[in-house]
Amino acid sequence: MTIKLYNTLTRSKETFEPIEENKVKMYVCGPTVYNYIHVGNARPAIVFDTVRRYFEYRGYDVEYVLNFTDVDDKLIKAANELNEEVPTIADRFIKAYKEDVSKLNVKEAVHHPRVTESMDDIIAFIEQLIEKGFAYEANGDVYFRTRSFDEYGKLSHQSIDELRSGARIQVGEKKDDPLDFALWKEAKPGEISWDSPWGKGRPGWHIECSAMARKYLGETIDIHAGGQDLAFPHHENEIAQSECHNDTTFANYWMHNGYIQIDNEKMSKSLGNFILVHELVEKHDPNVVRFFMLSVHYRNPINFNDELLAEAKNSFDRIKTAYQNLQHRKTASLNLTEDNNEWKTKLQDLKQRFIDEMDDDFNTANAISVLFELAKEANIYTQQDQTSTTIIDLFTEMFDELTTVLGFSLEESELLDDQIEALIEERIQARKDRNFSRADEIRDELKEKGIILEDTPQGTRWKRS
């Protein structure tokens, strides 16, 4: 079993060698829970869920940890604006996050640590850094001595001198060196805070992940992952404080997914192109959204817009139609044995190609190409005069097996009543707008899902066929 992955630390593909045989210790940086997640947050959730699924498919036990940052400047700002408590806001958006990613078929993490539940571990971690001389207290704040770690910059491949040239001490900061970063922040009046040896305060961002990763996975972990934007300074600082604290390598492999752009522009609220996941999955099949995200290699940037999503839906539907054709054809199939070996060989060859692509740095884009080949062969087979139930079942099982690895389903999902009503309202508006093609599309879409519409003088009614 040889899985290769691109290690940001070495900037090369490396053969994965776990610390413990057949086990993967994997830590993924989760969201700061002050708002609903957007499509940029959805990409790492989908990408690293797929990485996890593939490791499990190849026989590994994956201890998957994804944290929630539930105290932070953004949370405090939101609490002040909404006149609510920080924990109230955090609880609301943790729940919303889980609902959103669940719709995208992201599996629950083995551990979902929260910063506020890890405070004792974080404080103890900082105390030990001070004892070792890697950190210092300054009037209620605690800072990490960046220059005390000789390898600082090894993840972002920048030297201390390069980093020093752009660093400044901001107004109100008490640190000795511009490169030093906060481990603990003194509480401002009215802020949420915890007691510590340095007075009331709260942790800095970077120390949180170091403490939680160590608590749940140990001093050295296999894989640390997150978005490309986290590589510096967040992950760089994690490495420095963890390796100084633990006296050993923090993570053997570092994985980062590429950025998402909206219509070739950076996503931002000011541009009005900020797409929230819970709104996106109300308009589009979550399976299609996930399929779209995986149609580009995880390290490459991905452009996102409605037109590209529509193209992804058409592509997804081609695979889904081939899968459904198998179900329809099975009722007319016989228990034939002739030529079974030829088709069994073809299916095994396709499965091996899928594995080869995923073994090569989790290349989901090429793995999806194999699914198209599988769909093509399925269509050829179902168009034969005689088909065998055995081969039909093997095709179906292969589709199920490979799509489960990628985390999407080809099964027809049943519409809920409120979804049906929403589509009917959209159809009524389309007819008012004389957009008859869209009205017909909605009628046909509902019909395919077993929903029959009846236009009456009293309005449109529906029933299940």
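**Exercise 1. Where is the place of Glu 173?**

Solution. This is a predicted model, so let us go step by step.
- Start with the flanking elements: Glu 173 sits in the loop between helix H5 (160-165) and strand S7 (181-186).
- Next, take its exposure. Glu 173 has 31% relative accessibility and therefore counts as partly exposed.
- Finally, look across space: Ala 138 is 35 residues apart from Glu 173 in sequence, yet the C-alpha to C-alpha separation is 9.3 Å.

**Exercise 2. Find which residue Asp 176 forms a salt bridge with, and say what the pair ties together**.

Solution.
- The partner is Arg 145, with the closest N and O atoms 3.7 Å apart. That fits the cut-off, since a salt bridge needs the nitrogen within 4 Å of the carboxyl oxygen.
- Asp 176 is in the loop between H5 and S7, while Arg 145 is in the loop between strand S6 (141-144) and H5, so the salt bridge ties together parts 31 residues apart in sequence.
- As for exposure, Asp 176 counts as exposed at 55% relative accessibility, and Arg 145 as partly exposed at 32%.

**Exercise 3. Describe the salt bridges of Lys 95 and Arg 427**.

Solution.
- Lys 95 pairs with Glu 99, the closest N and O atoms being 2.8 Å apart. Both belong to helix H3 (residues 86-103), and because they are four residues apart, about one helical turn separates them.
- Lys 95 is exposed at 54% relative accessibility; Glu 99 is partly exposed at 41%.
- Arg 427 pairs with Asp 455, with 3.0 Å between the closest N and O atoms. Here the link joins distant parts of the chain, 28 residues apart: helix H14 (residues 417-432) holds Arg 427 and strand S14 (residues 451-456) holds Asp 455.
- Arg 427 is buried, with a relative accessible area of 5%, whereas Asp 455 is partly exposed at 37%.
- One further step: salt bridges with shared partners bring Asp 73, Lys 185, Glu 191 and Arg 202 into one network. In total, the structure holds 38 salt bridges.

**Exercise 4. Is helix H9 largely enclosed or open?**

Solution.
- Count the buried residues: they make up eight of the nine in H9 (residues 286-294), so the helix is largely enclosed by the rest of the structure. Among them are Arg 290, Phe 291 and Phe 292.
- Then check the N-terminal end, which Asp 285 caps: one of its side-chain oxygens is 2.9 Å from the backbone nitrogen of Asn 287.

**Exercise 5. Which residues form the negative surface patch?**

Solution.
- The members are Asp 263, Glu 265, Asp 306, Glu 307 and Glu 311.
- Helix H10 (residues 306-330) supplies the largest share, three residues.
- Glu 265 belongs to strand S12 (residues 265-266) and is partly exposed at 41% relative accessibility.

Note on methods. Residues are numbered from 1 along each chain as its sequence is written. This is a predicted model: local features need pLDDT of at least 70, side-chain atom pairs count only at pLDDT 80 or more; totals for chains, interfaces and linings use all residues. Side-chain values use heavy atoms; hydrogens and water are left out. Patches are made of residues with over 30% relative accessible area and no salt bridge: like charges are joined within 9 Å, nonpolar side chains (Val, Leu, Ile, Met, Phe, Trp, Tyr) within 5 Å. Accessible areas come from the Shrake-Rupley method with a 1.4 Å probe; for residues, only the protein chains shown count as cover. A salt bridge is a side-chain nitrogen of Lys or Arg within 4 Å of a carboxyl oxygen of Asp or Glu. Lys and Arg count as positive and Asp and Glu as negative; His and the chain ends are not counted. The place of a charge is taken as NZ of Lys, CZ of Arg, CG of Asp or CD of Glu. Helices (H or I, at least four residues) and strands (E, at least two) are DSSP runs, numbered from the N terminus. Buried means under 20% relative accessible area, exposed over 50%, partly exposed in between (1.4 Å probe, protein chains only). A polar contact is a pair of N or O atoms within 3.5 Å; within protein, one must be able to donate a hydrogen and the other to accept it, and residues adjacent in sequence count only if both atoms are side-chain atoms.
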